[in-house]
Amino acid sequence: MLNIIVAIDENNAIGRQGELLCHLPADLQHFKAITTGHTVLMGERTWLSLPHRPLPHRRNIVLTDRVSETFDGAITVYDLQEALRLANEEEEAFVIGGGMVYRQCIAWADRLYITHIHHTWHDADTFFPEILPSCWSEVKREEFAADDNNPYDFSFVTYERKKA
Ligand SMILES: NC(=O)c1ccc[n+]([C@@H]2O[C@H](COP(=O)([O-])OP(=O)(O)OC[C@H]3O[C@@H](n4cnc5c(N)ncnc54)[C@H](OP(=O)(O)O)[C@@H]3O)[C@@H](O)[C@H]2O)c1
């Protein structure tokens, strides 16, 4: 099962200047709960953006074009097909970003774990592809209001690929 997990704003934005759009502790906890114990696949820029590398208790796979590069604590891979082959060795693997890797992987994904942040960042520079209703069915939704720790309303929504 290949999953994608991502937090997007109302315009599908996911980042700016190499960083996340906001600090949403509830989303970080959700991400940790869902991905711990599994394989996570990411692009080099997302790897470099992590405050602590590798992500603990997860098999980290990092994609780069630079064939002389390796990343301590991660499996380094140099093409998408090899990354997908490794991910498919697992019962559950998660594509965790960023924009470039999501765009390439969405065609192969079975399930999307989307955090919809109910806000718009006009200075965002990195985006998630459109979630086409013709391809994806919403199977679960949880709504949350902003609170002292989480500055925006948000929803955790799971989508599954529609059968052909
Ligand atoms: N909101 C969220 O949930 C979320 C999650 C993750 C990331 N983000 C944000 O997304 C942004 C980063 O995304 P991004 O699109 O700039 O970068 P990215 O997808 O994280 O990484 C891109 C890099 O990955 C490597 N790569 C990608 N596809 C490859 C392929 N097929 N073969 C070999 N290497 C490949 C290349 O590395 P080399 O340049 O080394 O060749 C490429 O430059 C940041 O702002 C980050 O905070 C947001």
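These questions and answers cover the ligand site and one salt bridge in a predicted model.

Trainee: Where does the ligand sit, and which elements give two or more residues to the shell around the ligand?
Mentor: Start with the site: the ligand sits in the largest pocket. The elements giving two or more residues to its shell are strand 1 (2-8), strand 2 (13-16), strand 3 (19-20), helix 2 (44-49) and helix 4 (99-105).

Trainee: Which helix gives the most to that shell?
Mentor: Helix 2 and helix 4 are both among the elements with two or more residues there. Five residues come from the one that gives the most, helix 4.

Trainee: How do the shell residues divide into nonpolar, polar and charged?
Mentor: The ligand has 28 residues around it. Glu-44, Thr-46, Thr-64, Asp-65 and Gln-104 come nearest. By class, the shell holds 11 nonpolar, 10 polar and seven charged residues.

Trainee: How far is a backbone N or O atom of Met-100 from an oxygen atom of the ligand?
Mentor: A polar contact needs N or O atoms within 3.5 Å. A polar backbone atom of Val-101 is 3.3 Å from a ligand oxygen. For Leu-20, a backbone N or O atom lies 3.2 Å from one. For Met-100, the value is 2.8 Å.

Trainee: Why does the salt bridge of Glu-90 and Arg-59 tie together parts apart in sequence?
Mentor: Their side chains meet at 3.0 Å, N to O. Glu-90 lies in the loop between helix 3 (80-87) and strand 7 (93-95), while Arg-59 is in strand 5 (residues 59-63), so the pair links parts separated in sequence by 31 residues.

Key
Residues numbered from 1 in each chain as written. Predicted model: local features only at pLDDT ≥ 70, side-chain atom pairs only at ≥ 80, totals over all residues. Heavy atoms only, no water. Near = heavy atom within 4 Å. Polar contact = N/O pair within 3.5 Å; in protein donor to acceptor, adjacent residues only side chain to side chain. 1 Å grid on protein atoms, 1.4 Å probe; cavity = no way out; pocket = protein on both sides within 12 Å on 5 of 7 lines; lining within 4 Å. Sits in = over half its atoms within 2 Å of the grid points. Helix = DSSP H or I, 4+ residues; strand = E, 2+ residues; numbered from the N terminus. Nonpolar A, V, L, I, M, F, W, Y, C, P; charged D, E, K, R; others polar. Salt bridge = Lys/Arg side-chain N within 4 Å of Asp/Glu carboxyl O.
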